[in-house]
Amino acid sequence: MILNIVIPCYNEEAVLPETNRQLTELIGEWISRDVLNDCRIVYVDDGSKDRTWEIIEGLQQESPYAHGLKLAHNVGHQHALWAGLMNSVGKCDAVVSIDADLQHDIHAIEEMVDAYKDGCEVVYGVRNDRATDSAFKKKTALGFYRLMGKMGVDLIPNHADFRLLGSKALEALSQYPERNLFLRGMVRSLGFKEKIVHFECHDRFAGESKYTLRKMFNFAVDGITSFSVQPLRIISLIGLVCVGISIVEMIYILVAYFRGDVIRGWASLLFSVWFLGGLLLFSMGVVGEYIGKIYKEVKRRPRFIVEKEV
């Protein structure tokens with residue numbers, strides 16, 4: 001069996017040497033035990049501003065398994081991961097995607113490979129708990145999965161982008177044409193036989209997390225708008241509620257008119273203007289988010305551009 005390990009990298013100079021050392025030792029052990037016949041580690045430099053690419057070039061010369069892709073500019077984690085996956089199409093029996101920071105347990109890859117050999121085309125790495133996360137991140141992560149579930153998006157809770165894809169699943173994924181990538185949802189929709197492998201999440205070995213609060217928020221918005229039309233239906237429901245409120249208010253005005261109580265306060269008028277104005281702006285924003293996605297899709301621009309490959 002030939003395995004590719006895809007690792008997106010953005011400003012990871014502090015952790016890459018150790019990541020490569022641990023993976024190289026583990027791959028050598030797997031090959032000696034006939035778990036694998038061969039393996040290739042694909043480091044994808046997502047337009048890093050530090051020495052990440054220089055280190056990748058050095059690792060390629062030192063390690064028999066290291067391979068590097070340098071993207072022309074920063075395209076984001078999902079697109080960088082996609083670049084590594086598409087580079088692996090037709091070159092391996094299965095591909096594993098994993099982060100560079102060693103938080104994902106690399107020893108769980110062997111269990112994923114065993115599941116693949118048992119016929120699973122998709123194997124999800126799911127963390128046992130979120131003990132290494134801050135209280136804020138735990139709450140936001142839990143809220144994210146609950147929100148996605150209510151929006152009708154089928155996701156595996158506590159699964160990031162640590163997964164194995166067999167060659168059939170990878171080939172099927174390559175046929176997805178969208179530019180707005182949300183791989184957690186896309187892989188879930190493939191429909192192949194799948195399995196969950198639990199692992200212990202470690203502290204980040206070195207460096208800092210690149211996922212800021214803004215990026216996590218944008219990621220959630222991409223996930224919802226890429227896989228659910230529920231927000232549009234919610235807008236329609238809110239519109240119907242507002243119509244109902246308007247009818248009730250009209251009845252109240254007519255009753256007050258026939259009673260002779262026709263003095264209207266400015267507070268109720270301002271409340272109506274601000275409420276409806278804010279509702280309209282919010283609705284336009286949600287619809288605009290979907291229109292923006294359509295705008296990106298119809299341009300059909302490349303998801304990434306490879307500047308160098310070693």
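**Group meeting: helix α1, its salt bridges and its neighbour α2**

I start with one residue: Glu 18 has a relative accessibility of 18%, and since the cut-off for buried is under 20%, Glu 18 counts as buried. Please keep in mind that what you see is a predicted model.

First, the chain overall. The protein chain contains 10 helices and eight strands. Of its 310 residues, 43% are buried. The accessible surface is about 16600 Å², and carbon and sulfur atoms account for 60% of that. Now the contacts between residues at least 6 apart in sequence: 83% of them join residues at least 24 apart.

Back to Glu 18. Which residue does the side chain of Glu 18 meet in a salt bridge? The partner is Arg 21, with an N to O distance of 2.6 Å. Both residues belong to helix α1, which covers residues 16–32, and they sit three residues apart, about one turn of the helix. Is Arg 21 buried or partly exposed? Arg 21 has a relative accessible area of 39%, so it is partly exposed. This pair therefore joins a buried glutamate to a partly exposed arginine.

By the rule applied here, the count of salt bridges comes to eight. I will show two others. One is between Arg 51 and Glu 54, where the closest N and O atoms are 3.5 Å apart. Arg 51 has 45% relative accessibility and is therefore partly exposed. Glu 54 is partly exposed too, because its relative accessibility is 49% and the exposed class begins over 50%.

The other one is between Asp 161 and Arg 163, with 2.8 Å between the closest N and O atoms. Are these two residues buried or exposed? Asp 161 is at 5% relative accessibility, so it counts as buried. Arg 163 is at 1%, and so it is buried as well. Returning to α1, salt bridges with shared partners link Glu 18, Arg 21 and Glu 25 into one network.

Next, the packing of α1. Two packed helices are described by the angle between their axes and the distance between the axes. For α1 and helix α2, residues 52–62, the axes come within 10 Å and cross at roughly 30°. Angles under 35 degrees count as roughly parallel, so α1 and α2 are roughly parallel to each other. The crossing is right-handed. Which residues make the contact? From α1 they are Leu 16, Pro 17 and Asn 20, and from α2 they are Thr 52, Ile 55, Ile 56 and Leu 59.

Let me pick out Asn 20, which is located in helix α1. With a relative accessibility of 7%, Asn 20 is on the buried side of the 20% cut-off, so it counts as buried. Leaving aside residues up to four places away in sequence, Asn 20 touches Ile 41, Tyr 43, Leu 59, Ser 63 and Ala 66. Leu 59 has already come up, as part of the α2 side of the helix contact.

Last, a residue from a loop. Where is Gln 103 placed? Gln 103 is in the loop between β4, residues 94–97, and α4, residues 108–117. Its relative accessibility is 21%, so Gln 103 counts as partly exposed. Gln 103 and Glu 200 are 97 residues apart along the chain, and their C-alpha atoms are separated by 8.6 Å.

Methods. Residues are numbered from 1 along each chain as its sequence is written. This is a predicted model: local features need pLDDT of at least 70, side-chain atom pairs count only at pLDDT 80 or more; totals for chains, interfaces and linings use all residues. Side-chain values use heavy atoms; hydrogens and water are left out. Helices (H or I, at least four residues) and strands (E, at least two) are DSSP runs, numbered from the N terminus. Buried means under 20% relative accessible area, exposed over 50%, partly exposed in between (1.4 Å probe, protein chains only). Contact means heavy atoms within 4.5 Å. Accessible areas come from the Shrake-Rupley method with a 1.4 Å probe; for residues, only the protein chains shown count as cover. A salt bridge is a side-chain nitrogen of Lys or Arg within 4 Å of a carboxyl oxygen of Asp or Glu. Axes are lines fitted to C-alpha atoms, for helices over the stretch in contact, and angles run from 0 to 180 degrees between N-to-C directions. Angles under 35 degrees count as roughly parallel, over 145 as roughly antiparallel, 65 to 115 as roughly perpendicular and the rest as oblique. A crossing is left-handed if the near helix is turned anticlockwise from the far one by less than a right angle, and right-handed if clockwise.
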